[in-house]
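The following paragraphs lead a new reader through the structure shown below, beginning with the arrangement of domains and ending with individual residues.

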Amino acid sequence: MRALKIVVLAKQVPDTRHVGPDAMRPDGTVNRPKLQTVFNPDDLHALELALHIKDQIPETKVTVLTMGPKRAADIIREGYYRGADYGVMISDKRFGGADTLATSYTLVKAIQKLGDFDLILGGRQAIDGDTAQVGPQCADKLKIPQITYVDQIVEIKDDEIIARRRLEKGVETVSSPMPCLMTVHGSAPACRSRHAKRVMKYKYARTSTELNSKGTEDFLIDLHKKRSYLTIPEWSVEDIGAEMEKIGLSGSPTKVKSVESIVLTAKESKQLSEDDADIEMMIQELIEKHTIG
Amino acid sequence: MDNFYTDTPDFKFHLEDPLVKKIVSLKERNFNESESFDFAPLNHDDAIDTYEKILEIVGEICADIIASNAEGVDLEGPHLVNNEVIYAEGTNADYKALYDAGLIGMALPRKYGGLNFPLLPYVMAAEMVARADAGFANIWGLQDCAETIYEFGSEEQKEKYLPRFNRDGATAAMVLTEPDAGSDLQSVKLKATFDENENIWKLNGVKRFITNGDADISLVLARSEEGTIDARGLSMFIYDRNSRAVQVRHLEKKLGIKGSPTCELVFKDAPAELVGKERFGLIKYVMALMNSARLGVGAQSVGIADAAYREALKYAEDRAQFGKVIVRFPAVYEMITNMRVRVDALRALLYETTRFVDMQKVYEDLMKERSLEKEERLEMKAFAKLSNVFTPLIKLVASEACNSIAYDSLQIHGGTGFMKDFPIERIYRDARITSIYEGTTQLQAVAAIKGVTTGIFLDQIKKYDLEVSDKNCEIRTKLHKMTEAYESISSRVIDLDNNELLDFHSRRLVEMAGNIVMGYLLVLSGQREERFLKSAKLFVNLANSENRERYEYINSFEPSDLNLYKLAEFEELEEQV
C-alpha cells in the first residue's frame with residue numbers, strides 16, 4: 001500500500017453539554033464567545049479514521065484543516081496531540097458569518113492550496129449546525145466522489161478505497177476511486193487520546209496571531225525560532241486566493257429568520273389493555289413509526 | 001466530560017508544594033534535556049504544566065474508559081487458555097488506552113522511552129487509576145518493576161528491557177511469594193542454578209499468589225546459593241516471557257480485584273538474567289521494589305477510599321427515606337463528612353511521603369553521574385530516613401482507612417449496597433486486599449515502628465509545628481497535647497526495653513504518630529488553601545479521640561498482661577513448625 005495524503009476537516013464548536021443562559025443572542029444566533037468550545041465530535045471520529053490509516057501505512061501524512069477565530073487554534077493543537085502531522089488554520093475576520101456554501105468554498109480554496117491529496121475526511125455534521133452539508137459541498141466543488149456516513153474503512157488499494165457506510169436500516173459497503181471525500185458517522189471508532197509525548201512536544205504550538213498577541217512570553221517567541229514546527233500556518237483571504245463575494249457573510253445566502261423554543265408535549269394518550277394482541281398492535285405501530293426497532 | 005484529574009483539585013494543590021520545585025529541578029538536571037528531547041520541559045513551570053496536562057489525559061481515560069469497564073472486568077475476570085493468561089476484554093481496552101496515550105513507563109528516563117516523571121505525578125496517576133478500577137491499577141502499576149531494573153540492572157539490561165515498556169507496552173510482574181514463603185520471604189526456595197555450558201542462570205520451582213504472573217517481563221526472587229536458608233542466599237533475576245519456560249498452573253479465584261490475574265507459576269529450567277549482585281536479591285533489590293509497591297498500595301488505597309466516598313455521597317444525596325434525602329440525617333452526614341476528612345488527610349500523607357521518596361531517589365540517581373556535595377549527601381540521608389518510615393506508615397493507615405471507608409459507604413447504601421447493583425459492592429471487596437498484600441498491616445507496623453523508636457516521627461512532627469503560622473490556634477494546642485501524650489506513652493513502652501511488648505503495641509504507636517502527622521499536614525495545607533481548614537479541625541478532633549483511646553489502652557497495660565494473651569497451645573505449635 002502506498003502512503004496517502006489525508007486532509008481532515010475539523011471544526012471548533014460550542015460545547016452543547018455545557019450551555020449557559022447567555023448561549024444565544026436575542027436575534028437567535030449562537031453567542032459563540034460565551035460558550036466553552038470542543039472539537040466537533042464527528043470530526044474526532046474522522047481524525048481517528050485518518051490516524052488509523054496512518055497506523056497501517058506509517059508514511060501517510062495527516063493534515064488537520066480548520067477554519068475559525070483565533071481560539072480555534074486549539075483544534076490544530078488537539079490534532080497534533082492525537083497524532084496529526086500538520087495543521088493549518090484558516091483565519092481571517094472576513095471569513096466570519098459563513099454559512100455552509102461560503103464555508104465549503106473557503107475550505108476548498110485552502111485544500112487546493114495544500115496541494116495533492118488522496119483522501120479528505122470530515123465529520124458527518126457539526127453539533128452547532130447539524131446541516132451535514134459542508135462535506136458533500138466540498139466534494140462537489142472539488143469534483144471528486146464522496147462517501148457519506150462512513151464508519152469503517154474496509155480496504156485501501158492503490159487508487160481505490162472501500163468503506164462501510166452506516167445507514168438508518170443497516171450498513172452498506174461501497175468502493176470509490178481516490179482521491180475522494182468521506183464524511184464520518186458517530187458510530188465510527190472513538191478517537192484515540194492525546195499522546196503524552198506529543199502533548200509535551202506540541203503544547204507550545206501557536207499561530208502567529210497568538211504569538212503576536214499581548215502578554216506572549218519571550219521564551220515562547222525564542223522557542224518558535226528554534227522549533228519552526230511549532231508555528232501553525234495561518235491563512236488569510238489573500239493566502240488562499242478567495243473571492244470576497246464568495247466568503248463570509250456576503251457569500252452566505254442563508255439567513256436566520258427567527259428561532260423558536262419548542263417544548264415537546266404529548267398530544268394524545270392511548271390506553272392499552274393487558275391483552276397480548278393489544279400489546280402486539282402497539283409494538284407494530286411503534287416499529288412502523290420508527291420509534292423502536 | 002468527566003475527568004478524574006480536574007474533578008479533584010487536591011492533585012494540583014499537592015503538585016504546588018514548595019518541595020516540588022527542588023524535586024523537579026534535580027530530576028530534570030536543571031532542565032538540560034530540552035536540547036536533546038523535544039518533549040522535555042524548559043523550566044519548572046513548564047514541567048508542572050506538563051504534569052498537569054498528562055494527568056488530565058490520565059483523568060479522562062480513567063473516567064471515560066477504565067471506570068466504565070470496571071464492572072465488566074470484575075464479572076468477566078481473566079482466563080487461562082493454553083498456558084496463557086487472557087485478560088478480560090475491558091482490561092485489554094484499559095491497558096490499550098493507557099499505552100496508546102504513552103503512559104507506560106512514565107517515571108523512566110527519556111533515553112529509555114519514558115517521560116522522566118518524578119514519582120509525585122506518577123503516584124497521582126496511580127491514585128486515579130485505582131479510583132476507576134482498583135484491580136486494573138495493579139496491572140498498570142507493575143511498571144514499578146521497570147524502576148527497579150533501572151536502579152539496579154546493568155546498562156545492557158536497561159537497554160534491552162526498559163524501552164519495551166513505553167514502546168511495546170510491556171507488562172511486568174514481581175515474582176516473590178511461594179506456598180511457604182508469604183510474608184516471610186527469607187524462606188524462598190525457587191532454585192536458581194548457573195548453567196556453565198550455556199552460560200546462563202536457570203530457574204526451577206513454584207511461585208504462588210503472583211499478581212499478573214504471565215507478564216512480559218518478570219522480576220523473580222530465587223535462591224542462588226545452594227545450602228543457604230536465609231535472605232543472604234537469595235538473588236533477583238529477570239525472566240523474559242518470550243522464553244516460554246514458565247507454566248501458569250492455576251489462576252486464583254478471589255474475593256476482590258478480580259480483574260487482576262493472580263497466578264501460580266511453575267518454572268522449568270527457565271532462563272533468567274541476574275540483576276545486580278548475587279545474594280543482594282532480598283536484602284537490597286526486593287526491599288527497594290517492595291517500598292515502591294507499598295507506596296503504590298498507598299495510592300491504590302487512597303483511590304479506593306475516594307471512590308467509596310464519592311459513591312456514598314452520590315447515593316445519600318439521591319436516596320430519600322422518611323420524606324427527605326438521607327444525607328440530611330446526622331448519622332449519615334457524619335459518616336460522609338468523616339470519609340471526606342479522612343481522604344483529605346490520607347492524600348496529604350500520601351503525597352508528603354511521595355515527595356520524601358522522590359527526594360531520596362533523585363539524589364540516588366544523581367549519584368550515578370557525579371559525587372554529591374556534602375550538603376546534598378546529608379539531605380539525601382535525611383529523606384531516605386523519612387521515606388523508610390513514612391512508606392510503611394502510609395501503606396498501613398491508607399489501606400486500613402480505605403477498608404473502613406468502603407464499609408461505611410456500603411452501610412450508607414443500605415440493603416442496596418449489599419446487592420450487585422452499585423459499584424460500592426465491588427469497591428468494598430477490592431479494598432480488602434490492600435491491608436494484606438505487599439506486607440500486611442502488621443508487618444508495616446514492624447517497619448514503621450522504627451520511626452517511633454528512633455524519634456524520626458517526633459522530629460518531623462516538631463518540624464511541622466514550627467511551620468504553623470498561627471501559634472495560638474486551637475488546633476495547634478490540641479496537636480501539642482496529642483504529641484505530648486504520644487511522646488510520653490511511646491517512651492514508656494520503649495524504656496521498658498521489652499521487644500515483645502513493643503511489637504504488641506507497635507501498630508497503636510505507629511497509628512498515633514500517623515494521626516498527629518496527618519493532623520499537622522492538614523493544618524499546613526489549610527495555611528496554603530483555606531478549604532483544608534475544616535478538614536484539619538474535624539480530622540484533629542477525630543484523631544485526638546482515637547489517640548486517647550490508644551493511650552489509655554497502652555497506659556493501663558502491664559507487661560505481665562502479655563502472658564494473659566498467650567494461648568496454652570503456643571509451645572506445642574512452635575514445636576510443629
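**A guided reading of the model**

In chain B, the C-alpha centres of domain 2 and domain 3 lie 41 Å apart. The domain assignment places domain 2 of chain B at residues 172-278 and domain 3 at residues 461-565, while domain 1 combines residues 10-165 with residues 283-435. The whole is a predicted model, with an ipTM of 0.89 and a pTM of 0.92. For chain B the average pLDDT is 96, and 98% of the residues score at least 70.

Chain B includes the helix α12, which runs over residues 374-413 and contains 40 residues. From its first C-alpha to its last, α12 of chain B reaches 57 Å, close to the 58 Å expected at 1.5 Å a residue. Just after this helix, B:Gly414 adopts a positive phi of about 60 degrees.

Two further residues of chain B deserve attention for their backbone angles. As a general matter, most residues other than glycine have a negative phi. B:Asn116, in the loop between α4 and α5 (119-132) of chain B, nevertheless has a positive phi near 55 degrees. This residue counts as buried because 21 C-beta neighbours lie inside 10 Å. B:Glu438 also has a positive phi, near 60 degrees, and is placed in the loop between α14 (424-431) and α15 (441-453) of chain B. With 26 C-beta neighbours inside 10 Å, B:Glu438 therefore counts as buried.

The interior may be considered next. The largest nonpolar core holds 244 residues, and those that touch the most other members are A:Val8, B:Val129, B:Leu203, B:Phe237 and B:Ala308. Helix α10 of chain B (residues 281-318) gives this core its largest share, 18 residues. When residues up to four places away in sequence are not counted, B:Val129 touches B:Cys62, B:Ile66, B:Phe136, B:Ala137, B:Trp140 and B:Gly303.

Where the two chains meet, twelve residues of chain A are in contact with 15 residues of chain B. On the side of chain B that touches chain A, α3 (44-76) and α4 (89-100) each supply at least two residues. The largest share, six residues, is that of α3 of chain B. By class, this side of chain B comprises nine nonpolar, four charged and two polar residues.

Chain A is built with eight helices and 13 strands. Its C-alpha atoms fill a box of roughly 80 × 50 × 40 Å along the principal axes. Of the 293 residues of chain A, 38% count as buried. Among the contacts in chain A with a separation of 6 or more, 68% are between residues 24 or more positions apart.

A:Gly83 offers a local view of chain A, in the loop between α2 (73-82) and β5 (86-90). Is A:Gly83 buried or exposed? A:Gly83 counts as buried, because there are 21 C-beta neighbours inside 10 Å. Although A:Gly83 and A:Leu51 are 32 residues apart in sequence, their C-alpha atoms are 6.7 Å apart in space. Leaving aside neighbours within four places in sequence, A:Gly83 is in contact with A:Leu51, A:Lys54, A:Arg192, A:His195 and A:Arg198.

One peptide bond of chain A closes this account. Most peptide bonds are trans. The bond that joins A:Met178 and A:Pro179 is cis, with omega about 0 degrees. A:Pro179 is found in the loop between β9 (170-177) and β10 (180-184) of chain A.

Technical notes:
Residues are numbered from 1 along each chain as its sequence is written. Chains are lettered from A and ligands numbered from 1 in the order in which they are written. This is a predicted model: local features need pLDDT of at least 70, side-chain atom pairs count only at pLDDT 80 or more; totals for chains, interfaces and linings use all residues. Two residues are in contact if their C-beta atoms, placed from the backbone, lie within 7 Å. Helices (H or I, at least four residues) and strands (E, at least two) are DSSP runs, numbered from the N terminus. Ala, Val, Leu, Ile, Met, Phe, Trp, Tyr, Cys and Pro count as nonpolar, Asp, Glu, Lys and Arg as charged, and the others, Gly among them, as polar. The expected span of a helix is 1.5 Å times one less than its number of residues. Domain bounds come from an automatic or database domain assignment. A nonpolar core is a set of buried Ala, Val, Leu, Ile, Met, Phe, Trp, Tyr and Cys residues joined through C-beta atoms within 7 Å. A residue is buried if 20 or more other C-beta atoms lie within 10 Å of its own, exposed if 12 or fewer, and partly exposed in between; C-beta atoms are placed from the backbone. pLDDT is the predictor's confidence in each residue, from 0 to 100.
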